[in-house]
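Trainee: I would like a close look at one part of this model, namely the places where its pieces meet. Please go through them in order and keep to what can be computed from the atoms.

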Amino acid sequence: MTGQQTHVFRHKHIFGLEQMSREDIEYIIATAHSFKEISNRSIKKVPTLRGKTVVNLFLEPSTRTRLSFEIAAKRMSADTFNIASSTSSAAKGETIIDTARNIEAMNPDIIVLRHSSSGAPHLLARHVDCPVINAGDGTHEHPSQGLLDIMTILEHKERLDGLKIAIVGDISHSRVAGSDIIGFTRLGARVCLAGPATFIPYGIASAEVEVAATVKEAVTGADVVMALRIQKERQQDPLIPSLREYAIRYGINREVLQYARDDVLIMHPGPINRGVEMSPDVADGPWSVILDQVTNGVAVRMALLYLVLGGVKESQDTEG
Amino acid sequence: MSVVIIVDNGRIIDPLHGVDSHGELWICDGRIVAAGSVPADGAQRFDAEGCWVVPGLIDMHVHLREPGEEYKETIVSGTRAAAAGGFTGVACMPNTKPVNDCGSVTTFILRTAEQGAARVYPVGAVSKGSAGGELAEYAEMKEAGIVAVSDDGRPVMNSQLMRRALEYAGSHGLPIISHPEDDALSRNGSMHEGFVSTRLGLRGIPAAAEAIMVYREIALAELTGTRMHLAHISTAASVDLIRRAKDRGIGVTAETAPHYFSLTDEAVRGYNTNAKMNPPLRSEIDRRVIIEALGDGTFDAIATDHAPHSVLEKDIEFDLAANGIIGLETALPLALALVRDGSLSVGRLVELLSVNPARILGVAGGSLAIGSPADVTVIDPRKRFVFAEETIVSKSRNSPFLGRELTGKAVLTVCGGRITHAELMPN
Ligand SMILES: [Zn+2]
């Protein structure tokens, strides 16, 4: 059920796409494809991870990613426990290490961690025995999002090799961009970034990553346009004068999209500020694959849960 | 009866007096004496064959954590770590709890240091509580025994306060030690701003955050005609500014730390909090320029910025982890690596680690002249050892060099005629 059996997936933890080879990424996507079909069945459940315990440790607010991981685990019959920041002990001054030790005592098979500090999954993994999956850490990576973006593009374009993918917005503070840039380029795409310089991180330009002067330049000839969510400032750091000025200069609208390829895909990791990073008609228009992204998110997360446990099925004949 | 120590067969290096020759060094009752000038019977004799005999090393920038954070380090444990690393004197920064901003804290430090294994030179605060507001009482602290003033740990952001501090410190013969950092540029940053910080998603501290303040300090030193010492310089841009200021005869001196010439920001990968310090580890270009500046005299001193922390501050999220690493027990081998690769002469090494720190702080030491206090370090430049957790003398373990094999070590440390560390056996 996992496509080509030749590839050995050797990652115990999923920290980010930086640790993944092209073959790893393709293998995860192939696995996700095989799981996607489950979501279309009338009984959306397989016993693959029966008896396994998945702890969703979300120490930063998130509804969509947590829900997606939870659905993924449940579709594979795993038991899931959600520990959110409001119910966790983080507020009481308990450290992530204390929390991890307590969770460890419950013998989880996987911990899925969302945390506001970059590198928190690495820290957690040093203190627990089970696999850790990064569900977004600070401004570092959000690997499952990067993978579902790749899966979505592949479904429409069949390949990433040679594609031009524009990413517009706050690249500096986006963990989604962190994973996307690595994943897209590793699969052969050319990435073109656009945004005011306050949003472009130091040293990002490379052979495969170009920084455009304008949105028009980034979008011209693009096969995919990804817009990122914008915040006016972070940590008292002024980044843009106003959302209004941003929308005028850098928002993705119909006008600028005429420079993209006719079959351009419009993507957004959500939630969208409609009218800021993207005009409503673009977000809901025919090029938009934003809802495909959500659907593929569940499949990719099922694949990750499956693969970090060694890709071993609890019982035979799960596919029926 | 006199206490006599004789170090035989060593290579005696005393750059202040142009000495670099094989011979014996005699110590009697805490002072260096002429060979043969006192009776040798009952003397402790050490065979220093293959070793260098140098003036006791002085680390002009350490954090001993006492009073207030004794679980990280105490004056006694910190000076023992110093002795193990070959140091006979350390200047301790005032960012303790309470801050060393008055005579009574200075007195406490010096009294506690009597039980220690190295000379302790307290540095007083520039401002009360190091809060950057009012001047601390320099005259009172000087009387109690401080050798310099600094608000180290944080920059003095108010330029007028720094100007007045320089002038006032000058009136009391105290040098100012600046921690050059523009904290608006560095705020919330946890590593050097560069490709690695982008990849790790960690907020960067640009090199300019240091260079901007280095330039301000140079301008203020020129304005006031007062001496300013620049602590823990980490960037090529700062080196360039310091070099030009020295060429123009401005009274600035500068130090860098062993980690800035031994590691780069690549050491942070994997979110290693033992590679987190302020200023942060910089780029390879910065590292190379720092080494060059050690050789050409732009830097006056190597200081460790020894900053002990426990797992409570280090085994946490990278952005929340405390800045700083221990350095007393690794400084010498890391600096010796520069001698081995030809970047530094042995004499220059001794200037950086002993002669110049003594001169900048205006304290004894840095000399093996007859009659000097017997602060002596014997170095075996070929001794190899693994810097392992269990061998660390400091109370804390926060070092990026854990597990590294290092070459070169202090095998005998003598402070005021007292043996504070010995790996050589007397015969
Ligand atoms: Zn400092």
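Mentor: What follows takes the contacts inside one chain, then those between the chains, then the other chain and its metal site.

The model is predicted, and that applies to every value below.

Chain A comes first. The assignment splits chain A into domain 1, made of 13-142 + 296-309, and domain 2, covering 143-289. Domain 1 of chain A is thus written as two segments. The C-alpha centres of domain 1 and domain 2 of chain A are 25 Å apart. At their boundary, 34 residues of domain 1 of chain A are in contact with 27 residues of domain 2 of chain A. Together the two domains of chain A bury about 2,400 Å², and carbon and sulfur atoms account for 63% of that area. On the domain 1 side of chain A, the residues that lose the most area to domain 2 are Leu17(A), Arg22(A) and His142(A), which together make up 29% of what that side buries.

Arg22(A) also takes part in a salt bridge: its partner is Asp161(A), with the closest N and O atoms 2.7 Å apart. The count of salt bridges between domain 1 and domain 2 of chain A is three. Polar contacts across this interface of chain A come to 17 residue pairs, both members being at pLDDT 80 or more. As for secondary structure, helix 1 (22-36), helix 2 (64-75), strand 3 (110-115), strand 4 (132-137) and helix 11 (290-308) of chain A each give at least two residues to the side of domain 1 that touches domain 2. Helix 1 of chain A has the largest share of that side, with seven residues. By class, the side of domain 1 of chain A that touches domain 2 of chain A holds twelve nonpolar, 13 polar and nine charged residues.

Next is the interface between the two chains. Here 24 residues of chain A are in contact with 19 residues of chain B. The area buried between chain A and chain B is about 1,700 Å², with 46% of it from carbon and sulfur atoms. Three salt bridges cross the interface of chain A and chain B. One of them joins the side chains of Glu18(A) and Arg269(B), at 3.5 Å from N to O. There are also twelve residue pairs in polar contact between chain A and chain B, both members at pLDDT 80 or more. Helix 3 (96-104) and helix 4 (120-125) of chain A each supply at least two residues of the side that touches chain B. The largest share of that side comes from helix 4 of chain A, namely three residues. The side of chain A that touches chain B divides into eight nonpolar, twelve polar and four charged residues.

Chain B has its own internal boundary. Its domain 1 consists of 4-52 + 372-422, and its domain 2 is 56-361. The C-alpha centres of these two domains of chain B lie 25 Å apart. Contacts link 38 residues of domain 1 of chain B with 48 residues of domain 2 of chain B. The area buried between the two domains of chain B is about 3,100 Å², 65% of it given by carbon and sulfur atoms. Of the area that domain 1 of chain B buries against domain 2, Lys395(B), Asn398(B) and Phe401(B) supply 21%, more than any other three residues.

The count between these domains of chain B is one salt bridge. The side chains of Arg119(B) and Asp375(B) meet in a salt bridge at 2.6 Å, N to O. Polar contacts between domain 1 and domain 2 of chain B number 18 residue pairs, both at pLDDT 80 or more. Strand 1 (4-14), strand 16 (376-386), strand 17 (405-415) and strand 18 (418-422) of chain B each supply at least two residues of the side of domain 1 that touches domain 2. Strand 17 of chain B gives the largest share, eight residues. The class count for that side of domain 1 of chain B is 19 nonpolar, twelve polar and seven charged residues.

Last comes the zinc ion. Its protein donors are Asp152(B) through OD, His179(B) through ND1 and His232(B) through NE2, at 1.8 to 2.2 Å. The donor residues follow the spacing D-x26-H-x52-H in sequence. His179(B) sits in the loop between strand 10 (176-178) and helix 5 (183-186) of chain B, and His232(B) in the loop between strand 13 (228-230) and helix 8 (236-247) of chain B, so the pair ties together parts 53 residues apart in sequence.

Terms used. Residues are numbered from 1 along each chain as its sequence is written. Chains are lettered from A and ligands numbered from 1 in the order in which they are written. This is a predicted model: local features need pLDDT of at least 70, side-chain atom pairs count only at pLDDT 80 or more; totals for chains, interfaces and linings use all residues. Side-chain values use heavy atoms; hydrogens and water are left out. Domain bounds come from an automatic or database domain assignment. Contact means heavy atoms within 4.5 Å. Buried area is the accessible area (1.4 Å probe) that two parts lose on being put together, summed over both. A salt bridge is a side-chain nitrogen of Lys or Arg within 4 Å of a carboxyl oxygen of Asp or Glu. A polar contact is a pair of N or O atoms within 3.5 Å; within protein, one must be able to donate a hydrogen and the other to accept it, and residues adjacent in sequence count only if both atoms are side-chain atoms. Helices (H or I, at least four residues) and strands (E, at least two) are DSSP runs, numbered from the N terminus. Ala, Val, Leu, Ile, Met, Phe, Trp, Tyr, Cys and Pro count as nonpolar, Asp, Glu, Lys and Arg as charged, and the others, Gly among them, as polar. Donors are N, O and S atoms within 2.8 Å of the metal (3.2 Å for Na, K and Ca); water is not among the atoms, so sites may look incomplete.
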